[in-house]
Amino acid sequence: MKLQHLAGAACVLGLAAAPACAAAVEVKFTDAERYADAGNTRWDERANLEVLARHFKAMGGRYLPKDQTLSIEVLDVDLAGESWPSRRGYNIRVVRGMADWPRITLRYTLQGPGGEMLRQGEERISDPGYTGRSVTFGDSDALRYEKRMLDEWFRKNFTRNQAQAGG
């Protein structure tokens with residue numbers, strides 16, 4: 001009982017017990033080997049999907065009440081830019097700002113206390129104007145365009161008021 005009170009106090013005070021405060025976000029990548037473009041190599045693909053999963057979870061902690069659970073099933077990923085071979089024997093990602101914008105298709109379910117269904121849907125998230133706007137992530141962040149796109153989608157759909165109102 002005392003541990004629950006300590007975790008609750010940490011939530012109120014914003015202390016280091018953040019995992020006890022955060023909403024649960026579960027991320028599943030379905031048929032990842034069939035994704036349009038999740039990276040230049042198998043290693044890149046795995047690393048990029050791990051980064052996306054961590055980003056989804058961080059957004060859940062930032063925007064969802066702690067008593068909600070968001071389940072996300074990623075159905076397809078198409079990263080910004082295109083993979084081009086280089087003279088050095090490896091591929092590089094070239095971002096031109098044309099028809100190479102980031103796209104992520106996913107299915108989600110938002111549940112409230114006791115498993116109550118609050119929202120669900122399937123969406124294809126994209127950002128055709130991705131090069132024309134500023135990015136809050138550093139230039140060295142390989143997934144900066146995808147993260148910004150997901151942040152905007154998440155804020156639009158899952159801010160505390162949106163999630164509690166069911167839309």
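# Notebook: strands, charges and rings

I started with one strand pairing. Strands β5 and β6 (residues 117–126) run antiparallel, and 9 bridges join them. I note here that the model is predicted.

**Entry 1: the hairpin and its other partner**

I looked at the turn next. The hairpin of β5 and β6 has 5 residues between the strands. Within this hairpin, G114 takes a positive phi near 70 degrees. I then checked one position across the pairing. R107 stands opposite E122 in β6.

Which strand pairs with β5 over 9 bridges in addition to β6? I found β2, residues 69–78, which pairs with β5 (residues 103–111) in the antiparallel sense. Here I noted the position of L70, which stands opposite L110 in β5.

**Entry 2: the whole chain**

I stepped back to count elements. The chain has 5 helices and 6 strands. From the N terminus on, I read the order as α-α-β-α-β-β-β-β-β-α-α. The chain has 167 residues, and buried ones make up 35% of them. I also looked up how far contacts reach along the sequence. Among contacts with a separation of 6 or more, 64% are between residues 24 or more positions apart.

**Entry 3: the nonpolar core**

I asked which residues have the most contacts inside the largest nonpolar core. They are F56 and L70, in a core of 26 residues. Several elements feed this core: α3 (42–63), β2, β5 and α4 (144–158) each supply at least two of its residues.

I followed L70 further. I left aside its neighbours within four places in sequence. L70 is then in contact with A24, V25, E26, L64, Y108, T109, L110, F154 and F158. I kept L110 in mind, as it is the residue opposite L70 in β5. I also kept F154 and F158 for the entry on rings.

**Entry 4: salt bridges**

How many salt bridges does a search of the whole structure find? The search finds 5. I wrote down three of them.

The first on my list is R107 with E73. Their closest N and O atoms are 2.9 Å apart. R107 lies in strand β5 and E73 in strand β2, so this pair ties together parts 34 residues apart in sequence. I checked the exposure of both partners. R107 is partly exposed, at a relative accessible area of 35%. E73 has a relative accessible area of 19%. Why does E73 count as buried? Buried means under 20% relative accessible area, and E73 has 19%.

Next I took R103 and D78. Their side chains meet in a salt bridge at 3.2 Å, N to O. This pair also links distant parts of the chain, with R103 in strand β5 and D78 in strand β2, 25 residues apart. R103 is buried, and D78 is buried too.

Then I returned to R107. It forms a salt bridge with E122, with the closest N and O atoms 3.1 Å apart. R107 is in strand β5 and E122 in strand β6, 15 residues apart. Salt bridges with shared partners join E73, R107 and E122 into one network. My earlier note fits beside this: R107 stands opposite E122 in β6.

**Entry 5: aromatic rings**

A search of the whole structure for aromatic pairs finds 6. I noted two that include W153.

W153 and F154 form an edge-to-face pair, 6.2 Å centre to centre with 75 degrees between the planes. I looked up whether these two are buried or exposed. W153 counts as buried at 6% relative accessibility. F154 is buried as well, with a relative accessible area of 0%.

W153 also pairs with F158. This pair is edge-to-face, at 5.2 Å centre to centre and 70 degrees between the planes. Both W153 and F158 are buried.

Which residues form one aromatic cluster? I listed Y63, Y108, W153, F154 and F158. Three of these names, Y108, F154 and F158, were already in my contact list for L70.

My last lookup was a charge over a ring. The charged end of R119 sits over the ring of F158, 5.4 Å from the ring centre.

**Closing note**

I end with the threads that cross. R107 forms a salt bridge with E73 and another with E122. L70 is among the residues with the most contacts inside the largest nonpolar core, and F158 is one of the residues in contact with L70. F158 also belongs to the aromatic cluster.

Conventions. Residues numbered from 1 in each chain as written. Predicted model: local features only at pLDDT ≥ 70, side-chain atom pairs only at ≥ 80, totals over all residues. Heavy atoms only, no water. Pairing = 2+ DSSP bridges. Helix = DSSP H or I, 4+ residues; strand = E, 2+ residues; numbered from the N terminus. Core = buried A, V, L, I, M, F, W, Y, C linked by side-chain atoms within 4.5 Å. Buried < 20%, exposed > 50% of the residue type's maximum accessible area, 1.4 Å probe, protein only. Contact = heavy atoms within 4.5 Å. Salt bridge = Lys/Arg side-chain N within 4 Å of Asp/Glu carboxyl O. Phe/Tyr/Trp six-rings, centres within 6.5 Å; stacked < 30°, edge-to-face > 60°. Lys NZ or Arg CZ within 6 Å of the ring centre and 35° of its normal.
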